[in-house]
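Here are a few exercises to work through with the coordinates open beside you. Try each task on your own, then compare your route with the solution below it.

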Amino acid sequence: QVQLVESGGGLVQAGGSLRLSCAASGRTVRNAGMGWFRQAPGKEREFVEAITWSGSTTYYADSVKGRFTISRDNAKNTVYLQMNSLKPEDTAVYYCAARFGSGSSWYSPNTYDYWGQGTQVTVSS
């Protein structure tokens with residue numbers, strides 16, 4: 001039983017930065033893999049970045065490589081997404097997700113067990 005709440009979204013100019021936070025409650029997520037996904041209007045939910053429970057390994061989409069960084073603080077049951085050099089095409093609702101399984105794809109939203117409500121990120125030109 002996990003509840004996830006995203007925060008930190010907002011309006012930013014192209015080239016700017018935002019840091020998203022995902023706070024977990026109900027139970028610890030120290031043993032959960034964590035991921036960030038995003039969804040723009042009319043588009044499918046898209047994988048952004050993920051991190052293992054230990055924080056030792058990360059996975060990322062090519063579209064955000066070198067710009068976004070995922071991290072986690074297990075003591076605080078919180079995962080972060082630092083977004084730099086933002087582009088208008090990054091505009092979307094960003095979702096935090098947790099998975100307790102193993103051996104399946106980190107890139108598919110179908111492999112995640114819990115989801116937050118999302119936070120809006122809008123990047124203007």
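**Exercise 1.** Find where Asn77 sits in the chain, classify it as buried or exposed, and work out what is unusual about its backbone.

*Solution.* Start with the location: in this predicted model, Asn77 belongs to the loop between strand E7 (68-73) and E8. Next, take its relative accessibility, which is 17%. Buried means under 20%, so Asn77 counts as buried. Finally, look at the backbone: phi of Asn77 is positive, about 50 degrees, although the residue is not a glycine. Most residues other than glycine have a negative phi, which makes this a good angle to check in your viewer.

**Exercise 2.** Carry out the analysis for Ser85: which loop holds it, what is its phi, and is it buried or partly exposed?

*Solution.* First, Ser85 is placed in the loop between E8 and E9. Second, its phi is near 50 degrees, a positive value in a residue other than glycine. Third, the relative accessibility of Ser85 is 40%. The partly exposed class lies between 20% and 50%, so Ser85 counts as partly exposed.

**Exercise 3.** Describe the surroundings of Asp90, going from its location to its side-chain polar contact.

*Solution.* Begin with the chain: Asp90 is in the loop between strand E8 (78-83) and strand E9 (92-99). Then consider burial: with a relative accessibility of 1%, Asp90 counts as buried. Now list what it touches beyond four places in sequence: Arg38, Arg67, Phe68, Ser85, Val121 and Val123. Ser85, from the previous exercise, is one of these partners. To finish, follow the side chain of Asp90, which reaches the backbone nitrogen of Lys87 at 2.8 Å.

**Exercise 4.** Which residues does Thr119 touch, and how far is Thr119 from Thr57 in space?

*Solution.* Thr119 is part of strand E11 (residues 119-124), and at 11% relative accessibility it counts as buried. Setting aside residues up to four places away in sequence, its contacts are Glu6, Ser7, Gly8, Gly9, Leu20, Ala92, Val93 and Tyr94. For Gly9 there is an atomic detail: its backbone nitrogen lies 3.3 Å from a polar atom of the Thr119 side chain. As for Thr57, it is 62 residues from Thr119 in sequence and 25 Å away in space, C-alpha to C-alpha.

**Exercise 5.** Locate Ser21 and list its contacts.

*Solution.* Ser21 lies in strand E3 (residues 18-25). Its relative accessibility is 16%, so Ser21 counts as buried. Apart from neighbours within four places in sequence, it is in contact with Val5, Glu6, Ser7, Trp36, Thr78, Val79 and Tyr80. Glu6 and Ser7 are also among the residues that Thr119 touches.

**Exercise 6.** Step back to the whole chain: how many helices and strands are there, and how does the radius of gyration compare with the globule rule?

*Solution.* Count the elements: there are zero helices and eleven strands. The radius of gyration is 13 Å, close to the 14 Å that the globule rule gives for 125 residues, so the protein is as compact as a globular protein of that length. Along its principal axes, the C-alpha trace spans about 40 × 25 × 25 Å. Buried residues make up 43% of the 125. Of the contacts with a separation of 6 or more, 58% join residues 24 or more positions apart. The exposed area is about 6300 Å², with 46% supplied by carbon and sulfur atoms.

How values were computed. Residues are numbered from 1 along each chain as its sequence is written. This is a predicted model: local features need pLDDT of at least 70, side-chain atom pairs count only at pLDDT 80 or more; totals for chains, interfaces and linings use all residues. Side-chain values use heavy atoms; hydrogens and water are left out. Helices (H or I, at least four residues) and strands (E, at least two) are DSSP runs, numbered from the N terminus. The radius of gyration is taken over C-alpha atoms; the globule rule is 2.2 Å times the number of residues to the power 0.38. Buried means under 20% relative accessible area, exposed over 50%, partly exposed in between (1.4 Å probe, protein chains only). Contact means heavy atoms within 4.5 Å. Accessible areas come from the Shrake-Rupley method with a 1.4 Å probe; for residues, only the protein chains shown count as cover. A polar contact is a pair of N or O atoms within 3.5 Å; within protein, one must be able to donate a hydrogen and the other to accept it, and residues adjacent in sequence count only if both atoms are side-chain atoms.
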